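Hi everyone, thanks for coming. I've got one structure to walk you through today, so let me put it up and then we'll go through it piece by piece.

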Amino acid sequence: MHPDDIVARFSSELKGHFTASRIQETAEGLDGSKKRVRLWLSIDRDVFHRAVSLLKEFGPPHICTPMASKEYGDTIELIYPFTMNYAAEPFGELVVILVVDIPRDDLRIRSVCDLVPGILYMERETMEMLGIIIEDIPDPRRLFTPDSLGDTYPMRD
Amino acid sequence: MDKTITYPLQIGPTHPAFKEPVRFSFKVEGERVAGVDIDLGYTHRAIEVISKERNFIQTIYLLERICGICSVSHPMAYCMAVEDASGIEVPPRARYIRTIIGELERMHSHLLWAGVAAHEIGFDTLFLYTWNIREKVLDCLEQFTGNRVNYAMLTIGGVRRDLTDDLIPVIEQTLEYYLEVYQRTSEILLDDQSIRYRCEGTGILTYDQAVALCAVGPTARASGLAKDVRVDYPMLAYPDMDWLKPITPLDIGKEPAGDVYDRMVVRVLELKQSVDIIRFCLDNLPEGPIASINGSIKIINKLKKVQGEGIGRYEAPRGEVAHYDILDMSECPVQMKVKAPTYSNAFAWVPMLQGSEIADIPIVIASIDPCIACADRMTILRDDGATETLNAEYLHSLSVNKMKEVKSRCSG
């Protein structure tokens, strides 16, 4: 699996909703022959679910960490770190990071639990820590924080 | 007339196996689990938020305390994430030293797990045996780093202490010791009939479930999902080991069933694998510096001029640890997301526990080697609203009694 293949697929399918990509490669090992590859893909919120289903065409995505976030003026950037091509070829795993901008006055994004069931806990954490509503999530309960926390979102700036 | 009554069964927030709180709500039909819900958060310490007010060096020691057992795994992933974001190089010798510490930690973690699992099924002789032989690797780590856990060995861009010539024989003797006891240990853990009766066919996680639920570590590998960050994702000294491959039950010629027994198989074989990895590192230890930047102040000064983000991943004894760090011209990480292996594997408890006997709940829960802890009571809420509180000894005694039955069947 080559990152360029994913970029090409996103580019042809998502067109204007696929806004940027960046590939970072680092040589590893004493002889530098192994490559550690990370791929960042920025997409519009409206096509996020479609983007994960495109990713799934290349193999089952593994969610690697809970979603990170960055806050700008009118938007919150939500960062989904997936890995692909694991348990396939030695040292061939690819980190694919999907970056989605969410407007601050409409903090919603669609759940991808139907595509990656293992992401449920992380979506629940995103709701309680950032106050972003995950639409169609099969279990919207809080994961770590008590109900008494109300509308306080600990990971927001 | 046969009438099956379904009733809810609460275990936790403190539960019978481990020292961290988590609550399991079971729906039970007779002696069988018909449904399970897991309630986390009783021990959330807000470490990700606290790190925003600690500088990059202080954060290393904060993260070391996420988990006492795999206390080098979180700093490892964190340092790699910061190095990824900032482009700081790690000298080859430091990569090898990091690998050695990580593998020594894996050995003591797997032996700790074997003891806990033995205790959960009422096999306390084995519990004492495994914890006794575990002392050797803890002694080695203490001599190497100064501590049995929380080694304070890592820094951004390398390690803090060198592996000196006088320490190499200490590590070699430790490896020799484990090769001597490995045969006996693996025979007891893998061939004992009573253990096989208790663990085979118990707590099954299929391959498809492991993939869908994003399971990690020995839990995933026991289900045949050969996922191991050390082999999948090049980092530390592992890319130099072309012979390295993920351990699955296929390594003993067994088709993976994804049960408790297979999780034991993977961990037992990984003990030997860790010995081989450390041997390789000692034999091929590169010369040179152990850090690319000397001094905490210089590291912080460099990092506070960096804007970027990075990911760090490491295969902890329990599975993948991953950190995502964001740097933004500050001497503290502006955001850090941490994923411990139990976070990934906790969801896998649901299919594992579905259909289990109540007496098997402790060993199934323990089988993923969770980072949550010891309990003192469980409460049964019956349909009529009556509440019955049972203590830890009672649940443990269920498991012990089942083991006695199994042993009598084995000897009969």
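When I say two residues are in contact, I mean that their C-beta atoms, placed from the backbone, lie within 7 Å. Keep in mind, too, that what you're looking at is a predicted model.

Okay, with that in hand, let's start where the chains meet. On the chain A side there are 33 residues in contact with 34 residues of chain B. Which elements of chain A give two or more residues to that side? There are four strands, E2 (34-43), E3 (62-63), E4 (68-71) and E5 (75-84), plus helix H3 (120-130). As for what the chain A side is made of, we have 21 nonpolar residues, with six polar and six charged ones making up the rest.

Let me stay on chain A and zoom in on E5(A), since it keeps turning up. Is this strand enclosed or open? Eight of its ten residues are buried, so E5(A) is largely enclosed by the rest of the structure.

Now its pairings. Strand E6 of chain A, residues 94-103, runs antiparallel to E5(A), and ten bridges link the two. If you want a spot to click on, A:Met84 sits opposite A:Leu94 in E6(A). Then there's E4(A), which is antiparallel to E5(A) as well, with four bridges between them. Those two are joined by a hairpin of three residues, and one pair to look at is A:Glu71 with its bridge partner A:Ile76 in E5(A). Finally, E3(A) also pairs with E5(A) in the antiparallel sense, over two bridges. There you can find A:His62 bridged to A:Thr83 of E5(A).

For contrast, have a look at A:Asp46. It's in the loop between E2 and helix H2 (48-56) of chain A. Is A:Asp46 buried or exposed? It's exposed: 12 other C-beta atoms lie within 10 Å of it, and 12 or fewer is what counts as exposed here. If you'd like a distance for scale, the C-alpha atoms of A:Asp46 and A:Glu93 are 28 Å apart, with their positions 47 residues apart along the chain.

Right, over to chain B. We get 16 helices and ten strands there. Its radius of gyration is 22 Å, close to the 22 Å that the globule rule gives for 412 residues, so chain B is as compact as a globular protein of that length. Along the principal axes, its C-alpha trace spans about 75 × 45 × 35 Å. Of those 412 residues, 53% count as buried. And if you take the contacts in chain B between residues at least 6 apart in sequence, 70% of them join residues at least 24 apart.

Chain B comes in two domains. Domain 1 is 6-41 + 355-411, and domain 2 is 47-343. Their centres, over C-alpha atoms, are 29 Å apart. How many residues of domain 1 of chain B touch domain 2 of chain B? It's 19 residues of domain 1, in contact with 20 of domain 2. On the domain 1 side, the elements giving two or more residues are helix H15 (361-367) and helix H16 (392-411) of chain B. H16(B) has the largest share, six residues. By type, the domain 1 side divides into 13 nonpolar residues, three polar and three charged.

A quick stop inside domain 1's range: B:Asp37 is in strand E3 of chain B, residues 32-39. B:Asp37 is partly exposed, with 14 other C-beta atoms within 10 Å. Its C-alpha is 6.5 Å from that of B:Phe26, which is eleven residues away along the chain.

Last topic, the nonpolar core. In soluble globular proteins, nonpolar side chains tend to be buried together. The largest core in this model has 164 residues, and the ones with the most contacts inside it are A:Leu78, A:Val96, A:Leu98, B:Ala117 and B:Ala215. Helix H4 of chain B, residues 92-120, gives the most to this core, 13 residues. Both domains of chain B take part, with at least three residues from each.

Let's finish on B:Ala117. Which residues is B:Ala117 in contact with, leaving aside neighbours within four places in sequence? They are B:Met264, B:Ile363, B:Ala366 and B:Ser367. Okay, that's my tour; happy to take questions.

Key
Residues are numbered from 1 along each chain as its sequence is written. Chains are lettered from A and ligands numbered from 1 in the order in which they are written. This is a predicted model: local features need pLDDT of at least 70, side-chain atom pairs count only at pLDDT 80 or more; totals for chains, interfaces and linings use all residues. Domain bounds come from an automatic or database domain assignment. Ala, Val, Leu, Ile, Met, Phe, Trp, Tyr, Cys and Pro count as nonpolar, Asp, Glu, Lys and Arg as charged, and the others, Gly among them, as polar. A nonpolar core is a set of buried Ala, Val, Leu, Ile, Met, Phe, Trp, Tyr and Cys residues joined through C-beta atoms within 7 Å. A residue is buried if 20 or more other C-beta atoms lie within 10 Å of its own, exposed if 12 or fewer, and partly exposed in between; C-beta atoms are placed from the backbone. The radius of gyration is taken over C-alpha atoms; the globule rule is 2.2 Å times the number of residues to the power 0.38. Two strands pair if DSSP finds at least two bridges between them.
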